[in-house]
Amino acid sequence: MAVLTTAVVLLGILAVFNIVLTLALARRVRSGTEAGHSHGTPTFPDLDEVRAGSSIRPFAVTTTTGSAVSYEDRYGDTAVYAFFDTGCGTCAKELQPLVDLVHREGFTPHQVIAFVVHEQYGSDEKRDEYLGVLGDAVTVVVHERGEIDLPFEAGGYPAFVLVDASGQVLRSGVEVSDLDTVLAPV
């Protein structure tokens, strides 16, 4: 009987400890949300692969219109680099927010490049859907994985990188809204 009583007491202590940890975690998540974006989503750090303060790598690519685009063409302008994959479910959800950002912030297509990975086995309809949403609001480069040297090595898709006129990363993230913390008026 003493063993059973001890087990029940220990189980009770463990349950109380679990509740305390859960409440502490909930409090921490809530405080991160309040310090985040005005629309209530938490602020996340930059992408591990593309940290603020890092520099853009030289690149030279051909756009869907046949124009050549390189690092030198973009140097001197604030720029946004977006990375999508036509096989990525969440990428499609970030296409329109990117176009909205371009219009809201007054970016020109020269300042925003969308790199769209389209594998040979991928759907041409999906690629065309991406191109239709992006339209002429941004410069688009469609390529196969590993086919070109990218200005950044994104570990996953989607990825967004805001770069200043000197080529230094100001902010990166997995949603267009992650760039708002830098773009928002002070």
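S6 and S7 form a hairpin with five residues between them, and Gly167 in its turn has a positive phi of about 90°. Helices (H or I, at least four residues) and strands (E, at least two) are DSSP runs numbered from the N terminus. This is a predicted model, where local features need pLDDT of at least 70 and side-chain atom pairs count only at pLDDT 80 or more, while totals for chains, interfaces and linings use all residues. Residues are numbered from 1 along each chain as its sequence is written, and side-chain values use heavy atoms, with hydrogens and water left out.

**The hairpin and its neighbour**

- Strands count as paired if DSSP finds at least two bridges between them.
- S6 covers residues 159–163 and S7 covers residues 169–173; the two pair in the antiparallel sense over four bridges.
- One spot to look at is Leu162, whose bridge partner in S7 is Arg171.
- S6 also pairs with strand S3 (residues 79–85), again antiparallel, through five bridges.
- On that side, Ala79 has Val163 of S6 as its bridge partner.

**How covered is S6?**

- Buried means under 20% relative accessible area, exposed means over 50%, and partly exposed is in between (1.4 Å probe, protein chains only).
- S6 is mostly covered, with five of its five residues buried.
- Ala159, Val161 and Val163 point one way from the strand, Phe160 and Leu162 point the other way, and all are buried.

**The whole chain**

- The protein has five helices and seven strands.
- Read from the N terminus on, the elements run α-β-β-α-β-α-β-α-β-β-β-α.
- Out of 186 residues, 36% count as buried.
- Take contacts (heavy atoms within 4.5 Å): among those between residues at least 6 apart in sequence, 71% join residues at least 24 apart.

**Surface**

- The protein exposes about 10,600 Å², and carbon and sulfur atoms supply 59% of that; accessible areas come from the Shrake-Rupley method with a 1.4 Å probe, and for residues only the protein chains shown count as cover.
- Leu11, Leu14, Phe17 and Leu21 make a nonpolar surface patch of about 430 Å².
- For patches, residues need over 30% relative accessible area and no salt bridge; like charges are joined within 9 Å, and nonpolar side chains (Val, Leu, Ile, Met, Phe, Trp, Tyr) within 5 Å.
- Phe17 from that patch sits in helix H1 (residues 2–34).

**Aromatic pairs**

- The structure holds six aromatic pairs; rings of Phe, Tyr and Trp (its six-membered ring) pair if their centres lie within 6.5 Å, with planes under 30 degrees apart counted as stacked, over 60 as edge-to-face and the rest as tilted.
- Phe59 and Phe115 are one edge-to-face pair, at 6.1 Å centre to centre and 80° between the planes.
- That pair links distant parts of the chain: Phe59 is in the loop between H1 and strand S1 (60–62), Phe115 is in strand S4 (residues 112–117), and they are 56 residues apart.
- Phe59 is buried at 5% relative accessibility, and Phe115 is buried at 1%.
- Phe84 and Phe160 also meet edge-to-face, with 5.6 Å centre to centre and 75° between the planes.
- Here too the pair links distant parts of the chain, with Phe84 in strand S3, Phe160 in strand S6 and their positions 76 residues apart in the numbering.
- Phe84 is buried with a relative accessible area of 0%, and Phe160 is buried with 0% as well.
- Ring pairs also link Phe59, Tyr81, Phe83 and Phe115 into a cluster.

**Salt bridges**

- Side chains of opposite charge can pair when their charged atoms come close.
- A salt bridge is a side-chain nitrogen of Lys or Arg within 4 Å of a carboxyl oxygen of Asp or Glu, and the count comes to three.
- Arg104 bridges to Glu105, with the closest N and O atoms 3.3 Å apart; Glu105 is partly exposed at 32% relative accessible area.
- Arg127 forms a salt bridge with Asp124, closest N and O atoms 3.3 Å apart.
- Arg127 and Asp124 are separated by about one helical turn because they are three residues apart in helix H4 (residues 124–134).
- Arg127 also meets Asp128 in a salt bridge (3.1 Å, N to O), so Asp124, Arg127 and Asp128 are linked in a network of salt bridges.
- Each member of this network is partly exposed: Arg127 at 22% relative accessibility, Asp124 at 40% and Asp128 at 41%.
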